[in-house]
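Here is a short tour of a protein model, written for someone who thinks at the bench. Please keep the sequence and the structure open beside the text as you read.

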Amino acid sequence: PSTAALKGRRVIVTSGPTHEPIDPVRYIGNRSSGKQGHAIAAAAREAGAEVTLVSGPVALADPWGVTTIHVETAREMQQAVEQALPADIFVGAAAVADWRVVEAAPEKIKKGAKNPPSLALVENPDILAAIGRRKRDRPALVAGFAAETDRLIEHAEAKRLSKGCDIIVANHVGAGANVFGGDRNEVTLISAAGRESWPNLTKTEVAARLVAAFAKKLSEARQ
Ligand code: PMT
C-alpha cells in the first residue's frame with residue numbers, strides 16, 4: 001500500500017512507559033519496552049515523514065532519522081508533545097502511568113521500624129485525550145492504543161470516543177499475550193468507519209501496516 005501521503009508530513013509518536021517517582025530511588029510505572037512505538041516512529045520516517053518521538057525510559061536505541069526526546073514522567077511527556085506541535089498525525093503508543101505520587105520524597109525513604117509507607121496518588125494528565133480534544137492545532141489524524149485485558153473491543157471503542165481519537169489500536173495484553181517487551185502484537189484497528197483485525201504479526205509489520213493505514217486516512221481526509 002502507498003504511503004506517499006506521509007511524505008513531508010509531521011508525525012509525533014509517544015512510546016515506552018512513564019516513571020513516576022516515589023523518591024529518588026523508586027518509581028511506579030506501567031509495563032512497556034517501547035518496541036511498538038519506536039517501530040511506528042521508524043516506519044513513519046521510512047515513509048518520508050518528519051518524525052518526533054517522545055520516549056519514556058526504554059533500553060532501545062533512538063530510531064535513525066527521528067528526532068527523539070527523552071522524558072521520564074507523564075507530565076514531562078505531555079510538555080514535550082505540546083512543544084512538538086503542530087503535527088499532521090499524533091500516535092499515542094506510550095504506556096503512560098495513570099497516576100503519580102502526590103509528592104515524591106526528596107530523600108530515599110528508609111526501610112525500617114515504622115509501617116511501610118502508604119502512597120497518596122493523583123491522576124496524571126491524559127496526553128492522548130488532550131490532543132484529541134484540542135480546538136487549536138489538532139492533528140488531522142489522532143491515533144491511540146488501548147491495552148486491555150478483558151472486553152477488548154468494547155473498552156477500546158469507549159476509549160476512542162472518550163479520548164476524541166480518529167483511530168484506536170486495540171491490543172489484548174492479558175496473561176500469556178506476551179505483548180509487553182515481546183516482538184509480536186495482534187491488534188484490531190477501530191475507527192468510525194469500522195473495525196479491522198490483523199493476524200499476529202511482528203511489531204515491525206504492525207508498524208508498517210499502521211503507517212499505511214494512517215497514510216490512507218490522511219489522503220481520504222484531504223479529498
Ligand atoms: O512497548 P511494548 O513493549 O512494545 O508494548 C506495546 C504496548 C502494549 C505498550 C502498546 O502497544 C500499547 O498498547 N500502548 C498503550 C498502552 C496503554 O497505556 O494503554 P491504555 O489503554 O492505558 O491507554 C490508552 C491510550 O491513552 C494510549 O494511547 C495511551 O498512550 C494514552 N494515555 C493514557 C493515559 C494517559 N495519562 N495519557 C495517555 O496519553
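Let us begin with a term: a residue is called buried under 20% relative accessible area, exposed over 50%, and partly exposed in between, using a 1.4 Å probe and protein chains only. This is a predicted model, in which local features need pLDDT of at least 70 and side-chain atom pairs count only at pLDDT 80 or more, while totals for chains, interfaces and linings use all residues. Residues are numbered from 1 along each chain as its sequence is written, and side-chain values use heavy atoms, with hydrogens and water left out.

**The chain as a whole**

The protein chain holds 5 helices and 14 strands; these are DSSP runs numbered from the N terminus, with helices (H or I) of at least four residues and strands (E) of at least two. Its radius of gyration is 18 Å, which agrees with the value near 17 Å for a compact globule of 223 residues. That radius is taken over C-alpha atoms, and the globule rule is 2.2 Å times the number of residues to the power 0.38. Along the principal axes, the C-alpha atoms fill a box of roughly 65 × 35 × 35 Å.

Of the 223 residues, 45% are buried. The accessible surface of the chain is about 11,800 Å², and carbon and sulfur atoms contribute 51% of that area; the areas come from the Shrake-Rupley method with a 1.4 Å probe, and for residues only the protein chains shown count as cover. Among contacts (heavy atoms within 4.5 Å) with a separation of 6 or more, 62% join residues 24 or more positions apart.

**Backbone points to look at**

Most residues other than glycine have a negative phi, and most peptide bonds are trans. Three places in this model are worth finding on your screen:

| Place | Backbone value | Loop |
|---|---|---|
| Leu85 to Pro86 | cis, omega near 0° | Pro86: between H2 (74-84) and E6 (89-92) |
| Asp137 | phi near 60° | between H3 (127-132) and E9 (141-148) |
| Arg151 | phi about 40° | between E9 and H4 (152-162) |

How accessible is Arg151? Arg151 counts as exposed because its relative accessible area is 52%. Asp137, at 35% relative accessibility, is partly exposed.

**A charge over a ring**

Arg209 lies over the face of Trp198, at 5.4 Å from the ring centre. For such a placement, NZ of Lys or CZ of Arg must be within 6 Å of the ring centre and within 35 degrees of the ring normal.
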